[in-house]
Amino acid sequence: MIWILLSLAFAEDVVTVKEGEPAPFEGTLMTPSAIAKLLADHDAKVETCKVNSEKDLALQEAKLTLKLKLTEADLAACNARLIAQEKMYNEILDQSLKDKSLGKSAIFAGGVLTGIGVMLGSAWILNQIGDTQ
């Protein structure tokens with residue numbers, strides 16, 4: 001509608017009519033101040049729409065950025081828990097293997113000492129038998 005009014009403003013049929021004069025055509029005549037108000041109202045509505053759209057866009061961007069940051073924080077927390085669990089698992093595994101190797105070493109050392117003890121005991125007993133004869 002604004003374009004129609006603007007195009008009419010430059011047409012030859014548009015004349016300023018004073019009070020009491022007959023109009024050269026049938027239609028609605030508007031005073032310059034009424035046209036200015038109509039144009040100003042339209043411009044204000046366009047600017048309001050633009051500002052509201054930009055505000056809504058910024059709000060949606062902020063919400064999506066917040067959601068992305070929260071998701072990234074959740075991922076980081078999960079990764080931290082995973083690393084802590086892996087570390088704990090590896091420590092338990094290392095300790096378990098160390099305990100098993102210590103047990104095997106103790107059994108081996110006990111076997112060697114028992115063998116030495118049996119050998120020394122046998123030698124002593126054989127020496128005692130040899131002395132009694």
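Okay, let's start with one residue: Asp-41 comes out at 35% relative accessibility, so it counts as partly exposed. Its partner is Lys-37, and the two side chains meet in a salt bridge, 3.0 Å from N to O. Lys-37 sits at 51% relative accessibility, which puts it in the exposed class, because exposed here means over 50%. And why can these two pair up along the chain? They are four residues apart in helix H2, so about one helical turn separates them.

Before I go on, a reminder that what you're looking at is a predicted model.

So how many salt bridges does a search of the whole structure find? Two. You've just met one of them, Asp-41 with Lys-37. Then there's Glu-72 with Lys-69, where the closest N and O atoms are 3.9 Å apart. These residues also belong to helix H2, three apart, so again we're talking about one helical turn, roughly. Glu-72 is partly exposed, at 40% relative accessible area.

Let me zoom out to the overall picture. The protein chain has two helices and zero strands. Helix H2 covers residues 32-132, and the chain has 133 residues. Now, what share of those residues is buried? Just 1%. The accessible surface of the chain adds up to about 12000 Å², and carbon and sulfur atoms account for 66% of that.

Which brings me to a patch I'd like you to find on screen. Phe-108, Val-112, Leu-113, Ile-116 and Leu-120 make a nonpolar patch on the surface, and together they have about 510 Å² of accessible area. Take Leu-113 as an example: it is found in helix H2, and with a relative accessible area of 59% it is exposed.

What about cysteines? The search of the whole structure turns up zero disulfides. Two cysteines you can look at are Cys-49, partly exposed at 48% relative accessible area, and Cys-78, also partly exposed, at 38%.

Last thing, confidence. The mean pLDDT of the chain is 81, and 80% of its residues reach 70 or more. Where is the pLDDT below 50? Over residues 1-13, and that stretch has eight contacts in the model beyond near neighbours in sequence. Where pLDDT is low, the predicted coordinates should not be read in detail. So when you scroll to that end of the model, please keep that caution in mind.

To recap: two helices, zero strands, two salt bridges and a nonpolar surface patch that includes Leu-113. That's my tour, thanks everyone.

Definitions and conventions:
Residues are numbered from 1 along each chain as its sequence is written. Side-chain values use heavy atoms; hydrogens and water are left out. Patches are made of residues with over 30% relative accessible area and no salt bridge: like charges are joined within 9 Å, nonpolar side chains (Val, Leu, Ile, Met, Phe, Trp, Tyr) within 5 Å. Accessible areas come from the Shrake-Rupley method with a 1.4 Å probe; for residues, only the protein chains shown count as cover. A salt bridge is a side-chain nitrogen of Lys or Arg within 4 Å of a carboxyl oxygen of Asp or Glu. Buried means under 20% relative accessible area, exposed over 50%, partly exposed in between (1.4 Å probe, protein chains only). A disulfide is a pair of cysteine sulfur atoms within 2.5 Å. pLDDT is the predictor's confidence in each residue, from 0 to 100. Contact means heavy atoms within 4.5 Å.
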